[in-house]
Amino acid sequence: MQAAFSAAHTLFSRTTLYFLEHFMNTTHSLFKLSLAGVIALALGACGGQSNTAQTPAASGAAASGAATPVVEKTEIRFGTTVGDFGDMVKDQIQPILEKKGYRVTLTEYSDYVTPNKALAENAIDINIFQHKPYLDGFKAEHNLDLTEVFQVPTAPLGLYGGKLTALDQVKDGSTVSVPNDPSNLARALVMLKELGWIKLKDGIDPLKAAVSDIAENTRNIKLVEMEAANLPRSRQDVDFAIVNGNYAMSSGMKLSETLFQEPSFAYVNWAAVRTADKDSQWVKDVADAYNSTEFKQYAHQRFNGYKYPAAWGENAAGNAKAEASAASSASAAK
């Protein structure tokens, strides 16, 4: 009896141990399978996320089964000065870009300082308001990593009548209001030189001409320096005013009212972006919009008399790029 009981106990123990080992092995295998499944699902989810973001221009390609690039940007934040540059965005550029799938916003500034600082601080993505000499000087002074990318139609700097209404009315001691920022003041001085009202020192850099570079003030002209945005309103207080084109247009002045226009094409304005963005697809899409046939037609009708981008090859603007480059090279060499 004792032997039978021992044999039964041994059999029971071995059976229990077998089932316990089998249960553990099965559980371990199921755990590995479950873990592998979770990992696979996680990887699939990550891969799905990276492929769902597309550039607006590529969304059509995605629908047709073509490879889709990772999105760079779906919203483009513009910054311009008030007036013509803002109107260009609202009237033409925004609709063109929205057709490509972008969302466009616009901030209009009333000065020449904030747009570059806003761009550098990532408050906007692109600004349009300045010529290259101004941009070069501003980014050097403030140590900003900004780059010009394409030109836009630009109203020329012009001399407008104030208390006096014709060039031959200039007299000894006439007052002329001029922009107070260095690059545009230099333009005003060159304009006065071309009018024969002042003489500048020989060999100076015309892009950096300053009041101290006046060699002879033949008409004893009194310069009244002020913020460019205030120049249109200054006409009631001075004999003549040299006004930046964008502020002249936004104030209701007309190019036909100018008594003298700046002949140089070196100051056609540029769009600027952060240097890291200059080769981005969205920048190329914006440039394409500004160089499109529909925008050119709009600009010719709405902004007749403006100086157009050198890339358009119109109104002698083909020389603008070479002229600006030559001027910049001369400036760098000094």
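Here is a short tour of two cavities and two loop residues in this predicted model.

Before you click, note that residues count from 1 along each chain as its sequence is written, and that side-chain values use heavy atoms, without hydrogens or water. Local features need pLDDT of at least 70 and side-chain atom pairs 80 or more, while totals for chains, interfaces and linings use all residues.

Start with Tyr 112, His 131, Arg 187, Asn 244 and Asn 269: of the 17 residues lining the largest cavity, these lie nearest its centre. A cavity here is a set of points on a 1 Å grid over the protein atoms alone where a 1.4 Å probe fits but cannot get out, and lining residues have an atom within 4 Å of a point. The volume of the largest cavity is about 140 Å³. Now colour domain 1 (75-154 + 268-312) and domain 2 (158-263), bounds that come from an automatic or database assignment; each gives at least three residues to that lining.

Next, select Thr 154, Ala 155, Pro 156 and Leu 157, among the residues that line the second largest cavity. About 50 Å³ of space lies in there. Arg 187 turns up again in this lining.

Last stop: two asparagines. Asn 143 has a positive phi near 55° without being a glycine, and Asn 220 also has a positive phi, about 55°. Are they buried or exposed? Asn 143 is exposed (over 50% relative accessible area, 1.4 Å probe, protein chains only), at 71%. Asn 220 is partly exposed (between 20% and 50%), at 35%.

Methods:
1 Å grid on protein atoms, 1.4 Å probe; cavity = no way out; pocket = protein on both sides within 12 Å on 5 of 7 lines; lining within 4 Å. Points joined across faces, edges and corners; volume = space filled by probe spheres on them.
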